[in-house]
Amino acid sequence: MVAVAILAAGRGTRMKSSLPKVLHPLGGKSMLERVLDSCALVQPSRYFVIVGYEAEAVKASLSHWDNIEFVLQAQQLGTGHAVQQLLPLLEGSEEDVLILNGDVPLLRQETLQELIETHQTNRNAATLLTAKLDNPKGYGRVFCDETNQVQKIIEDRDCTPEQKLNQRINAGVYCFNWGKLGEILPHLSAENDQKEYYLTDVFTSLSPVMAMDVADLEEISGINNRKQLANAYTVFQQRIKEKWLLAGVTLIDPDSITIDETVELSPDVTIEPQTHLRGKTVVGSGCRIGPGSMIENSQLGENVTVLYSVLTDSTVEAETKVGPYAHLRGKVSVGAGCRVGNFVEMKNTQLGEKCNVAHLSYLGDATLGNQVNIGAGTITANYDGMNKHPTVLGNNCKTGSNSVLVAPVTLGDDVTVAAGSVVTADVESDALVIARSRQVVKPHWHLKQ
Ligand code: UD1
Ligand code: CA
């Protein structure tokens, strides 16, 4: 068993943001939460998060995690000082402690497990993740002896020009034997360029310390500025897209597509360019989504097509065609075999099977039966300025072009609404409703000169 401690007290000055760095989102979750997620496989005995800058905001961001022990680092005097705050909490512990920077969000769960295994089989005092980078600028450099034992780490800004040539960097991911670390921690000094207490200074006094090179360099990217955050998002997206491509999903122009990790796709789904899938979205087999669509927290049955449309919190059953230019929001459900599109907005509306809402409509708070045809320009007037009201249409209803259904209003089955009607009262089944003024024609009429 290991405990885990995540350093999340720093402000992250280089982000140039009022939001603490670790709360910056990476694909719908904060960086800090991604670091916590990376520990899942390791199943830590305790989770410590060290907070300081905007501590309350950081705590609040993790309110849905119930097993976190927050440790306050009132002043941010460096990473070593941050870990010193654990001393009273882990006094006498001989446990191993995984220490992670809160700004290294792309770590794989398997990598952390391997780190701990290496640490424990070799009975190391500490084991840390390292990598050889072409551009090691900004990272602490790791110096090892000929047996690959870590001797010291020197921060980039404290390196001599010669030391800067060392390309082996510290990832900020460590497993420590707490008994041994605890003895050294109180004796750190702040004699360096930043006048901070560096955690990395403990390595001059610890042994044996092993460096473990990671295979995938992207995993250990530390995020200090927004450029690095943007790059991390690209890597994060590449991982998700690779997974779906190998699972039988076609992505056309993948670079222009974004997919949240919470999305579920089926084999033989095709995602066209400039399409974004967000939240708890589920897409059935044979669907064709895009180009130019955004789908959030929505469920699509099999063989649905969505073209240049926006869907939020909605359900669309099999074989339905959505778009071009439809907007479904606020709990819309569309039955199988429907057609919805060409400048149609629907909100909190249910459609049965084989309905058409094909042109220029707004349906809000409406419930439609099966095989309803909504004529071009039909609008539900669902809002009286104070409250929203429902509109109900039975099976096989047809509304003529440009009709207004003034809610609350109910139409039975097989009701036909004449074009241009303003329907203000309920209509029984099997009826034609004409609610407009009769056409008047005055023959041989001219404007008086
Ligand atoms: C650190 C390492 C560096 C390594 C790099 C990897 C040190 C001294 N340096 O540098 O060797 O290559 O990470 O990304 O450890 N934090 C606190 N309290 C503090 C200061 C920082 O909690 O007083 C937290 C920050 O919120 C952040 C993490 O520690 O999550 C790392 O701090 P940061 O200032 O980004 O360290 P680096 O300069 O990147
Ligand atoms: Ca950093």
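How many residues surround ligand 1, and which are the closest? In this predicted model, 23 residues surround the ligand, and the closest are Gln73, Gly78, Thr79, Glu155 and Asn170. This shell is a good place to begin a tour of the structure.

The shell draws on several parts of the chain. Strand β1 (2-8), helix α3 (79-84) and strand β10 (168-177) each supply at least two of its residues. Sorted by chemical character, the residues of the shell comprise eight nonpolar, eleven polar and four charged ones. As for where the ligand sits, the space taken by ligand 1 is the largest pocket.

A look at individual atoms adds detail to this picture. Glu155, already met as one of the closest residues, places a polar side-chain atom 2.7 Å from an oxygen atom of ligand 1. The backbone takes part as well: a polar backbone atom of Leu7 is 2.8 Å from an oxygen atom of the ligand, and a polar backbone atom of Gly102 is 3.2 Å from an oxygen atom of the ligand. How much of the ligand does the protein bury? Taken alone, ligand 1 exposes 760 Å², and the protein buries 91% of that area.

Strand β10, one of the elements that supply the shell, also leads to another feature, the aromatic pairs. The structure holds seven of these. One is formed by Phe176 and Phe203, whose rings are 5.7 Å apart from centre to centre, with 20° between their planes. Since planes under 30 degrees apart count as stacked, this pair is a stacked one. Phe176 lies in strand β10, whereas Phe203 lies in the loop between α6 (178-184) and β11 (209-213), so the pair ties together parts that are 27 residues apart in sequence.

The loop between α6 and β11 also contains Pro208, which brings the tour to the backbone itself. Most peptide bonds are trans, and most residues other than glycine have a negative phi. Against that background, a few places deserve a second look. Ser207 and Pro208 are joined by a cis peptide bond, with omega at about -5°. Another cis peptide bond joins Ala407 and Pro408, where omega is about 0°; Pro408 is found in the loop between β37 (404-406) and β38 (409-411). Finally, Asn303 has a positive phi, near 55°, although the residue is not a glycine. Asn303 belongs to the loop between β20 (299-300) and β21 (305-306).

Note on methods: Residues numbered from 1 in each chain as written. Chains lettered and ligands numbered in written order. Predicted model: local features only at pLDDT ≥ 70, side-chain atom pairs only at ≥ 80, totals over all residues. Heavy atoms only, no water. Near = heavy atom within 4 Å. Polar contact = N/O pair within 3.5 Å; in protein donor to acceptor, adjacent residues only side chain to side chain. Areas by Shrake-Rupley, 256 points an atom, 1.4 Å probe, with all protein chains shown as cover. 1 Å grid on protein atoms, 1.4 Å probe; cavity = no way out; pocket = protein on both sides within 12 Å on 5 of 7 lines; lining within 4 Å. Sits in = over half its atoms within 2 Å of the grid points. Helix = DSSP H or I, 4+ residues; strand = E, 2+ residues; numbered from the N terminus. Nonpolar A, V, L, I, M, F, W, Y, C, P; charged D, E, K, R; others polar. Phe/Tyr/Trp six-rings, centres within 6.5 Å; stacked < 30°, edge-to-face > 60°.
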